[in-house]
Amino acid sequence: MKFVSVLELLVVLVCCTDVVLSDSKCLDKYGKCQYTSSGCSGSYQSNLCNGPANRKCCVPAFNDGRCISRRGTCQRTSLGCGGGSYVSGLCGGPADRRCCVSGTGTSTGGSVPSSGSGSCSGVTIVSRAQWGARNPKSIKGMPTPVSLVFIHHTAGNPCSDFASCKKVMQGVQYYHMYDPERNYVDIGYNFLVGGDGKIYEGRGWDREGGHTGKLYNNRAVAISFLGNFTNQSPTSSALRAAQNLIACGVRQGKVSSNYKLYGHRQARAASTTCPGNTLYSIIQGWNRYTSGTAP
């Protein structure tokens, strides 16, 4: 018989405890930590599991559209709802996965409410209702935090104040939704940045976008600057707002702390100069910009 020393037993217990604690973030999302060579019926999320880089959290694909449309977030009830309240019957998955809705989160008709963009220090976010967004044709949730952030430009008209930015936003949404070559369900980007230094809510943090292609839309956030920045730079206030928005996303747990930042032109199979040569040169100096092709 082999006797195990107290020291050996403690090492085993500590190691096992570290694995459980490191995997708890995945478990909170009802996921399973596994190697990516295994099949996943939902989607893999990074930075939620202990171990090597190819051990990721397989998160099931839940139908959370009804919760998202009420400005809520589907989560385990043990996590607390931060001053809001839980509503049953709006989230897919187990019974203890419910919709956390803030006190002002109930939809009462008209424009679809904010998709959970929250408040960000140093950032003014103009909600969909404020800029006069159309109702989307459909809504599909997106797991967060995301590990990729893409910078775009709309390559169209710029704007310099709320009135002009509101008009441009409505034009971009109409073009995305009703142009025969696009026919998106909504404005494509998660957020847009006006020349006035304000952030205009597109699909928000928690909704799958239509911006960088099928390889990325369900696992990345896209921030697009209103205007064409091939030969000119966005305003300094717009550049600050975009960077502050990303930092806010990290603080809110919507963007991974070790996210990678890319320009649209760096997406696989992309044939575009987006976000314009001047803006692309600028973002190469931003925090967590990554060279090469986006994974």
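**Exercise 1. Find the handedness of the link between Cys33 and Cys49, and work out what the link joins.**

Solution. Start with the torsion: with -90° about the S-S bond, the disulfide of Cys33 and Cys49 is left-handed. Bear in mind as you work that this is a predicted model.

Next, place the two partners. Cys33 belongs to strand S1 (residues 32–35), while Cys49 sits in the loop between strand S2 (43–45) and strand S3 (55–59), so the bond ties together parts that are 16 residues apart in sequence.

Now check the distance. The sulfur atoms of Cys33 and Cys49 are 2.1 Å apart, and a disulfide calls for sulfur atoms within 2.5 Å.

Finally, ask about the surroundings. Buried means under 20% relative accessible area. Cys33 has 15%, so Cys33 is buried. Cys49 has 14%, so Cys49 is buried too.

**Exercise 2. Describe the disulfide of Cys40 and Cys58 in the same way.**

Solution. Step one is the distance: the sulfur atoms of Cys40 and Cys58 lie 2.1 Å apart.

Step two is the torsion. About the S-S bond of Cys40 and Cys58 the angle is about 95°, which means a right-handed disulfide.

Step three is the location. Cys40 is in the loop between S1 and S2 and Cys58 is in strand S3, so this pair connects parts 18 residues apart in sequence.

Step four is exposure. Cys40, at 22% relative accessibility, counts as partly exposed, whereas Cys58, at 10%, counts as buried.

**Exercise 3. Decide whether the disulfide of Cys159 and Cys165 is left-handed or right-handed, and whether its ends are buried or exposed.**

Solution. Begin with the bond itself: Cys159 and Cys165 have their sulfur atoms 2.1 Å apart. The torsion about their S-S bond is about 85°, so the link is right-handed.

Then look at each end. Cys159 has a relative accessible area of 9% and is buried. Cys165 is buried as well, at 0% relative accessibility.

To put these pairs in context, a search of the whole structure finds 4 disulfides.

**Exercise 4. Check the span of helix H4 and find out how its buried residues are arranged.**

Solution. First, the span. Helix H4 covers residues 162–178, which is 17 residues. At 1.5 Å a residue, H4 should span 24 Å; its end C-alpha atoms are 24 Å apart, so the two values agree.

Second, list the buried residues of H4: Cys165, Val168, Met169, Val172, Gln173, His176 and Met177. They take up an arc of only 160° around the axis, so they are on the same side of H4.

Third, turn to the other side of H4, where Ala163 and Lys167 are exposed.

Fourth, see what covers the buried residues of H4: the cover includes helix H3 (128–131), strand S9 (191–193) and strand S10 (199–201).

**Exercise 5. Locate Arg97, then say whether it is buried or exposed and which residues it touches.**

Solution. Find Arg97 in strand S6 (residues 97–101).

Next, compare its accessibility with the cut-off: buried means under 20% relative accessible area. Arg97 has 10%, so Arg97 counts as buried.

Last, look for its partners. Leaving aside neighbours within four places in sequence, Arg97 is in contact with Tyr30, Phe62, Asp64, Cys74, Gln75, Cys91 and Gly92.

Key. Residues numbered from 1 in each chain as written. Predicted model: local features only at pLDDT ≥ 70, side-chain atom pairs only at ≥ 80, totals over all residues. Heavy atoms only, no water. Helix = DSSP H or I, 4+ residues; strand = E, 2+ residues; numbered from the N terminus. Buried < 20%, exposed > 50% of the residue type's maximum accessible area, 1.4 Å probe, protein only. Expected span 1.5 Å × (residues − 1). Arc of directions from axis to C-beta. Contact = heavy atoms within 4.5 Å.
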